[in-house]
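Q: I have a model open and want to learn how to read it feature by feature. Where should we begin?

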Amino acid sequence: MAHLYIAAAHKSSGKTTFSIGLTAALVERGLAVQPFKKGPDYIDPLWLARAAGRPCYNLDFFTQGHGEIIATFAAHMDGAGIGLIEGNKGLYDGIDVEGSDSNAALATMLSAPVVLVIDTAGITRGIAPLIRGYVDFDPQVNIRGVILNKVGGARHESKLRAALEHYTDTQVLGAIGRDAALEIPERHLGLVPANEASGSAAADPMIARLATTVRQGVDLDRIVEIARAAPPAVMNETHGRTGHAPLPAKPDVRIAIARDAAFGFYYPDDLEAFARAGAELVPFDTLRDKHLPEADGLFIGGGFPETQLEALAANKGLMMEIQAALAAGLPAYAECGGLMYLSRSISWRGQRCDTVGAVAADTVVGERPQGRGYMLIEESGNNPWPRAAHIGANNASGTPVHEFHYARLQNLAEKPVFAYRVIRGTGIDGEHDGLVVNNLLAGFAHHRNTAANPWVERFVAFVRNHKSNRPIPAAE
């Protein structure tokens, strides 16, 4: 089980672009690279998945138990030649002062050797105490080498290498120079996603440039050797495989899912959970498709609808069909960007466009975050989905989810019905999330299908129950 962990001393060190380039360079060598991403992020996994040619799975201490994390890692490493885990923020960063939720903790749990990507801009000899401190801080963390990133030239690189060789035993695995052409465009919520029209057109050339840079500046043979020397992740009674239910013989419900440049924030294991629950996902494009697919339910996930406003607004026929279907009682679930699309309008940077109008509110996208980070929610008693018996009415400390939105709702209808109370976070109004309108549930929280929050099974059961209780049309 060859695998390694890509981390950094701090965020914005270049570990994402390095991870993408390394993934693509290893794929060029004929290796089946299985990417993983620490935390709840959607955007980096889209790029890593495109580079790898296979889905990238999130490993997240907040929404998953330790056993689920290891089970997710082990299950998707089956058949892979090498596993690559990209961290978030810095190696030792996290909410817990003792580091239980840090990259270091995850790397240790997975027995993953660590490669540190160091932003060397403005530093020479000072890299030595930095690396010594990181190596000595936690002896259980297996730091096997560093990548010198954003190097200013040959003279700068020689000074960095000399300092590390003189003061440390840490191996330099490669050096990458400063180059604006290697920077993926960013905007208000991070990197431009690889699924967007603007991102997808540039994604493959960008990935190719990153692969070439890594291939030319990094000792790939040594990195593969380090990964192959990694011990297997520990599997025991506490951290064991959770297993997945076998797929039904035939799906008995169809759920339309928006997958396009506006909506692409979906966890691949959540989508896989739909199949296990007996649902067929039928993709449609909110920008181009003129009609909603024939389906028993509707799922619109997160994304950046504000960046696609003109195309969304121009497709009025589809919006009218969605509005009519929801008004007629079609079971539906929408997260963040999906909620925005289902509101009456979206306003962003001086532009306002009418949208579906199933939610009696208007969306305004600002320049500052309205809700950002992990959330805890509890059910209000108004959730239309059947509860999962094994987790009870509520988790003892709330259901773990996350939010990251610059949008807020204005002109919300009086006396709205909410499915959740917010224990920690912002949600829709600071106290609630999950608007319930007819058979629609829509909120800013992003849910992850886990043992603590089996939302996919609940939603599919709701769709199935609604389908089975629909009156059969009379024969003409």
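The dialogue below takes up sheets, helices, burial, aromatic rings and backbone angles.

Q: What kind of model is this?
A: It is a predicted model.

Q: In what order do the seven strands of the open sheet lie, and is the pairing parallel or antiparallel?
A: A sheet is read by walking across it from one edge to the other. Here the order is E3-E2-E4-E1-E5-E6-E7, and the strands pair in parallel. The walk starts and ends at the edge strands, E3 (57–59) and E7 (172–177), each of which pairs on one side only. From one strand to the next, the twist averages 25°.

Q: How many bridges join E1 to E5?
A: Pairing is read strand by strand, then residue by residue. Strand E1 (residues 3–8) and strand E5 (residues 114–119) run parallel and are joined by four bridges. Ile6 has Val115 of E5 as its bridge partner.

Q: Which strands does helix H2 lie across, and at what angle does it run to E2?
A: For a helix on a sheet, note the strands it covers and then its direction against one of them. Helix H2 (residues 43–52) lies across E2 (33–38), E3 and E4 (82–86), and runs at about 175° to E2. Helix H6 (residues 154–167) also packs on the sheet; H6 touches E6 (143–151) and E7, and makes about 155° with the direction of E6.

Q: How is the length of helix H3 checked against its residues?
A: The rise per residue gives an expected span to compare with the model. Helix H3 (residues 66–77) has twelve residues, which at 1.5 Å a residue should span 16 Å; the end C-alpha atoms are 17 Å apart, which agrees.

Q: Why is H3 described as largely enclosed?
A: Count the buried residues. In H3, ten of the twelve are buried, so the rest of the structure largely encloses this helix. Among them are Ile69, Ile70, Phe73 and Met77, together with polar residues including Glu68 and His76. In general, residues three or four places apart point the same way because an α-helix has 3.6 residues a turn. The cover over the buried residues of H3 includes E1, E2, E3 and E4, along with helix H4 (103–109) and helix H9 (268–276).

Q: What follows H3?
A: The end of a helix is worth a look at the backbone angles. Gly79 comes after H3, with a positive phi near 85°.

Q: How many residues of strand E18 are buried, and which strands are joined to E18?
A: Burial and pairing can be read together for a strand. Six of the seven residues of E18 (residues 359–365) are buried. Strand E16 (residues 343–348) runs parallel to E18 and is joined to it by five bridges, with Ser343 opposite Val359. Strand E21 (residues 407–410) runs antiparallel to E18, with four bridges; there Asp362 has Gln410 as its bridge partner.

Q: How many aromatic pairs does the structure hold?
A: There are 19. Each is read by the distance between centres and the angle between planes. Tyr92 and Tyr134 form a tilted pair, 5.4 Å centre to centre with 40° between the planes. Tyr92 is in the loop between E4 and H4 and Tyr134 in helix H5, so this pair ties together parts 42 residues apart in sequence. Tyr134 is buried, at 17% relative accessible area.

Phe299 and Trp455 make an edge-to-face pair, 5.3 Å centre to centre and 65° between the planes. Phe299 belongs to strand E13 (residues 297–300) and Trp455 to helix H13 (residues 455–469), so the pair ties together parts 156 residues apart in sequence. Phe299 counts as buried at 3% relative accessibility, and Trp455 counts as buried at 2%.

Q: Which residues do ring pairs link into a cluster?
A: Pairs that share a ring can be followed as a chain of links. The cluster holds Tyr266, Phe274, Phe299, Tyr333, Trp385, Trp455 and Phe459.

Q: Which residue lies over the face of Tyr267?
A: A ring face can also meet a charged side chain. Arg448 lies over Tyr267, 4.9 Å from the ring centre.

Q: Where is Ser12, and is it buried or exposed?
A: Ser12 is in the loop between E1 and helix H1 (15–28). Its relative accessible area is 55%, which means Ser12 is exposed. The phi of Ser12 is positive, near 60°, in a residue other than glycine. Lys89 is not a glycine either and has a positive phi of about 55°; Lys89 lies in the loop between E4 and H4.

Notes. Residues numbered from 1 in each chain as written. Predicted model: local features only at pLDDT ≥ 70, side-chain atom pairs only at ≥ 80, totals over all residues. Heavy atoms only, no water. Pairing = 2+ DSSP bridges. Helix = DSSP H or I, 4+ residues; strand = E, 2+ residues; numbered from the N terminus. Axes fitted to C-alpha atoms, helices over the stretch in contact; angles between N-to-C directions. Contact = heavy atoms within 4.5 Å. Expected span 1.5 Å × (residues − 1). Buried < 20%, exposed > 50% of the residue type's maximum accessible area, 1.4 Å probe, protein only. Phe/Tyr/Trp six-rings, centres within 6.5 Å; stacked < 30°, edge-to-face > 60°. Lys NZ or Arg CZ within 6 Å of the ring centre and 35° of its normal.
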